[in-house]
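Here's a quick tour for anyone meeting this structure for the first time. Have a look at it, then read on.

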Amino acid sequence: MKIGILCYPTYGGSGIVATELGMSLANKGYEVHFISSALPARLDITNPNIFFHKVNVQTYPLFQYQPYDIALSSMIYRVVNLYKLDILHAHYAIPYAYAAFTAKQMLKEEGKDIPLVTTLHGTDITLVGQHPSYKHAVEFSINQSDTITSVSESLKKDTLQFFNIKKEIQVITNFIDNSEFDECMNCERKQFANADEKILIHVSNLRPVKRVEDVLQIFKNVNKKIKSKLVIIGEGPDMEKINQFLEENPDLIGEIRLLGKVNDLYKILQLSDVFLLPSEQESFGLAALEAMAANTPVISSNAGGIPEVNIQGETGYLAEIGNVEAMSNYTIKLLGDEKLLAQMKINAKQQAIKFDLKNILPIYEHMYQETLLEF
Ligand code: GMT
């Protein structure tokens with residue numbers, strides 16, 4: 001089977017899921033074509049079954065906004081024709097499902113067609129997709145997809161609530177390749193903390209929806225009771241909130257490490273004791289699953305699909321969005337009790353194993369086959 005994957009190339013969750021899925025399919029012998037504006041961050045382009053097609057947007061002074069979606073649909077049409085693709089898989093409705101629909105229309109003009117799978121990831125439904133500027137086009141392109149999948153039950157519910165969807169939505173959860181989290185041989189905690197200190201970690205694109213100010217406040221509360229350090233990984237607009245917090249709390253400057261984007265994320269997660277995810281909205285929380293695969297329990301909000309991943313009192317603790325006090329108290333309880341922490345680290349790993357790639361990949365393969373059969 002020849003599969004075309006349309007995704008964002010950046011560090012966002014949808015791009016990571018699309019890339020990991022495509023690489024796993026390529027390892028199983030499928031021919032996988034990535035169509036994106038840049039080489040996806042984690043893509044191993046040396047795999048002979050993987051192809052990358054960069055969307056080229058021609059700039060022209062007349063355009064105030066460059067027409068990316070037109071260039072994207074043209075590129076999808078060309079790749080389908082040139083490489084004789086069997087199926088298209090759009091990750092994130094905007095603009096991928098919409099551009100794929102346009103490409104399908106171009107193909108139909110020539111008596112051809114190709115099935116389209118759209119995977120909904122979260123903000124395409126709960127945030128961006130709801131804006132009146134996009135809503136109708138998002139609803140339309142989801143309904144034009146031959147198969148629709150969602151990364152959690154919560155996101156499926158939100159999609160059905162916010163849009164008039166006329167087709168069945170299949171939940172295929174996000175996944176993790178636990179084999180990439182083999183015991184870290186040369187990981188050194190001392191790079192980040194003293195021997196008697198605990199390590200708290202937060203990884204995100206630092207957008208307002210991640211509530212980084214809650215991360216900082218939780219750490220401030222925890223640090224008063226437990227010797228600890230906070231590691232923040234990622235870049236984004238709310239970096240300014242972190243700088244402001246440090247200006248207001250100069251005594252914490254030496255306690256907080258800002259690493260930006262890193263390549264050895266898994267290594268650092270394995271050194272950590274607790275992962276903080278107080279998000280306002282989260283369709284799944286892939287970052288929490290990555291932490292669990294690295295034996296790290298999670299203190300989170302109960303937003304969206306997080307409770308499907310982080311289990312209260314088992315893999316960590318959850319509290320209402322914005323309840324910093326509860327999240328701080330849970331973190332203090334967890335980090336102050338070595339026995340509890342050791343047990344939760346084991347539980348976190350067991351939970352990650354339930355979401356292992358080995359279990360989820362066959363579901364995707366089956367879904368592709370069913371889509372092709374019904375097309
Ligand atoms: O979290 C983000 O802002 C990035 C966003 C994306 O589309 O890249 O992540 C969404 O998709 C991830 C992968 O399916 C999910 O794990 C995240 O929970 C989801 N983010 C939100 O719903 C805010």
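## Two domains that touch

Let's start with how the two halves meet: 19 residues of domain 1 are in contact with 17 residues of domain 2. Keep in mind that this is a predicted model.

So where do you find these domains along the chain? Domain 1 is made of two stretches, 2-175 + 356-374, and domain 2 covers 179-354. Taken over C-alpha atoms, the centres of domain 1 and domain 2 are 30 Å apart.

## Where the ligand sits

Why does the ligand lie between the two domains? It does so because domain 1 and domain 2 both give residues to the shell around it. That shell counts 17 residues, and the closest are Ser-14, His-121, Lys-210, Glu-282 and Ser-283. Sorted by class, there are 11 polar, 4 nonpolar and 2 charged residues around the ligand.

## What holds oxygen atoms close by

Now zoom in on the oxygen atoms of the ligand. Glu-282 puts a polar side-chain atom 2.8 Å from a ligand oxygen. The backbone joins in too: a polar backbone atom of Gly-13 is 2.9 Å from an oxygen atom of the ligand, and a backbone N or O atom of Gly-285 is 3.0 Å from a ligand oxygen. As for cover, the ligand has 490 Å² of accessible area on its own, and the protein covers 93% of that.

## The nonpolar cores

In soluble globular proteins, nonpolar side chains tend to be buried together. Here, the largest nonpolar core has 94 residues, and Ile-76, Leu-88 and Leu-269 have the most contacts inside it. Both domains feed this core, with at least three residues from each of domain 1 and domain 2.

Take Leu-269 and skip its neighbours within four places in sequence: Leu-269 is in contact with Ile-201, Val-203, Phe-275, Glu-290, Ala-291, Ala-294 and Thr-296. There's also a second, separate core of 28 residues, with Val-212, Ile-218, Leu-230 and Val-274 among them.

Conventions
Residues numbered from 1 in each chain as written. Predicted model: local features only at pLDDT ≥ 70, side-chain atom pairs only at ≥ 80, totals over all residues. Heavy atoms only, no water. Near = heavy atom within 4 Å. Polar contact = N/O pair within 3.5 Å; in protein donor to acceptor, adjacent residues only side chain to side chain. Areas by Shrake-Rupley, 256 points an atom, 1.4 Å probe, with all protein chains shown as cover. Nonpolar A, V, L, I, M, F, W, Y, C, P; charged D, E, K, R; others polar. Domains from an automatic or database assignment. Core = buried A, V, L, I, M, F, W, Y, C linked by side-chain atoms within 4.5 Å. Buried < 20%, exposed > 50% of the residue type's maximum accessible area, 1.4 Å probe, protein only. Contact = heavy atoms within 4.5 Å.
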